[in-house]
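Grab a pencil and work through a few short exercises on the structure below. Try each one before you read its solution.

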Amino acid sequence: MPGIVVIGTQWGDEGKGKCTDQLGDRTDYTVRYSGGNNAGHTLVVNGEKYAMHLLPSGVLNPGIPVIGNGVVIDLDVLFEEIETLTARGVDVSKLIISANAHIIAPYHRTLDKVTERFLGKRKIGTTGRGVGPTYADKINRIGIRVQDLFDEELLREKVEASVAQKNQLLVKLYNHRAIEPVEVADHLLSFADRIRPMVRDVGRELNEALDDGKLVLFEGAQAHHLDVDHGTYPFVTSSNPIAAGACTGTGVGPTRIDRIIGIAKAYTTRVGEGPFPTELLDADGDRLREAGGEFGTTTGRPRRCGWFDALVVEVAATYNGLTDVFLTKLDILTGWEKIPVCVAYDIDGERVEHYPVLMSDLMKAKPIYEFLDGWTEDISECRTFEELPENTQRYVRRLEELIGCRISGIGVGPAREQTITLHDLID
Ligand code: IMP
């Protein structure tokens, strides 16, 4: 049994939970390796809807849920999610957490919000959850880690040093009231006893699980184009959601990963600011948004909607070494006479067939579309590829060609069983 990574190939919200849920019953470990509660997984199991932000979506499955060192943890959110799920009868007691994961402190949330306000027109459109400032502290080596909760003196010292610096910024630059370090430290320490039993050597445990032939699923949050290195910088998140992040974010080496599954929505969405060449600012965009229920799980913000951009997904397939693509929400495209697919960009009058290297080129890229024939039949009950209308099949095959990677699964509705499997995701 392999190590499998599931990642988003666009700007997030591709419906990764649907794919991880397909693998769910067979996984021994489901691991989050990057991001924080800026993520949002919506799962529908037995007609019940579950929305989670921090816990791996695999928490609903029999395996062990894991939060790796690459994740940033808001302790309030962690325990709120645990309590909500427990109240609904979900067993969360097997959750394990890396001692090296960084903690989102209340001042990180404050900083996230005031920084966005300060940026004004240049704002990133963050989720306001404190994710960016927490990663900034991590890289600055002034972060607070889970393990710090177990040494009260050290924790108080670290919080004090960090808050002293933040207060300079908050008071002098942002005209905000100062933060009281003792209050912050008391609050964080109040979680110490509850989190302690969950803290384990995640890297060793996952490596041993892989040695024993267990199935370890690394569940990406956000997506390739929100990656701080490879995404549409600066309109990105502050971590590495790409497949390689599964290694740095947990402590397993690249040789341990066998499959990398990229999730692609049958059209494109984005929340927050930043370039989006196929964005539809007209009634067609509204129609996609309504049909797809494209409103953020985390912030409730309406998502920006547009046609499928093959250049966006192709570069994600290439940079992540995708072995498979899982296409989601294909049913949402039912009812269009023609479905445009972006196959190239017009940049300053020149036809460009690859995702550009320069952000300034992407900013002015105009989509060049190929218009595929649509379908009107309800596809939500189809369970095999052959059952799909011919035009739907053609749409899928054309995307496959353009992306350069096989499509192994297709989502035709929100429920677990509304899925078509072309190639088994585990073999
Ligand atoms: P942050 O991660 O909250 O700092 O936000 C940075 C950018 O990433 C913003 O454009 C957010 O809207 C976007 N973002 C963060 N998490 C997600 C997600 O799970 N889905 C989609 N966009 C996200």
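The exercises that follow use a predicted model and look at its ligand site and some salt bridges.

**Exercise 1.** Work out where the ligand sits relative to domain 1 and domain 2.

*Solution.* Start with the shell: 17 residues surround the ligand, and D13, N38, T127, T237 and R301 come nearest. Sorted by class, the shell has six nonpolar, nine polar and two charged residues. Now check the domains: domain 1 (3-92 + 201-421) and domain 2 (102-196) both contribute to that shell, so the ligand lies between them.

**Exercise 2.** Find the polar atoms that T237, Q222 and V271 place by the ligand, then see how much of the ligand is covered.

*Solution.* Take T237: an N or O atom in its side chain is 2.6 Å from a ligand oxygen. Next, Q222 has a polar side-chain atom 3.1 Å from a ligand nitrogen. For V271, look at the backbone, where a polar atom is 3.3 Å from a ligand oxygen. As for cover, the protein hides 97% of the 470 Å² of accessible area the ligand has on its own.

**Exercise 3.** Decide whether the salt-bridge partners E294 and R303 are buried or partly exposed, and do likewise for R156 and E152.

*Solution.* E294 and R303 meet at 2.7 Å, N to O. Buried means under 20% relative accessible area, so E294 at 0% is buried, and so is R303 at 6%. Shared partners join D13, K265, E294, R303 and K329 into one salt-bridge network.

R156 and E152 pair up at 3.0 Å. Here R156 is partly exposed at 27%, and E152 is partly exposed at 46%. They sit four residues apart in helix α5, about one helical turn.

Conventions: Residues are numbered from 1 along each chain as its sequence is written. This is a predicted model: local features need pLDDT of at least 70, side-chain atom pairs count only at pLDDT 80 or more; totals for chains, interfaces and linings use all residues. Side-chain values use heavy atoms; hydrogens and water are left out. A residue is near a molecule or strand if one of its heavy atoms lies within 4 Å of it. A polar contact is a pair of N or O atoms within 3.5 Å; within protein, one must be able to donate a hydrogen and the other to accept it, and residues adjacent in sequence count only if both atoms are side-chain atoms. Accessible areas come from the Shrake-Rupley method with a 1.4 Å probe; for residues, only the protein chains shown count as cover. Ala, Val, Leu, Ile, Met, Phe, Trp, Tyr, Cys and Pro count as nonpolar, Asp, Glu, Lys and Arg as charged, and the others, Gly among them, as polar. Domain bounds come from an automatic or database domain assignment. A salt bridge is a side-chain nitrogen of Lys or Arg within 4 Å of a carboxyl oxygen of Asp or Glu. Helices (H or I, at least four residues) and strands (E, at least two) are DSSP runs, numbered from the N terminus. Buried means under 20% relative accessible area, exposed over 50%, partly exposed in between (1.4 Å probe, protein chains only).
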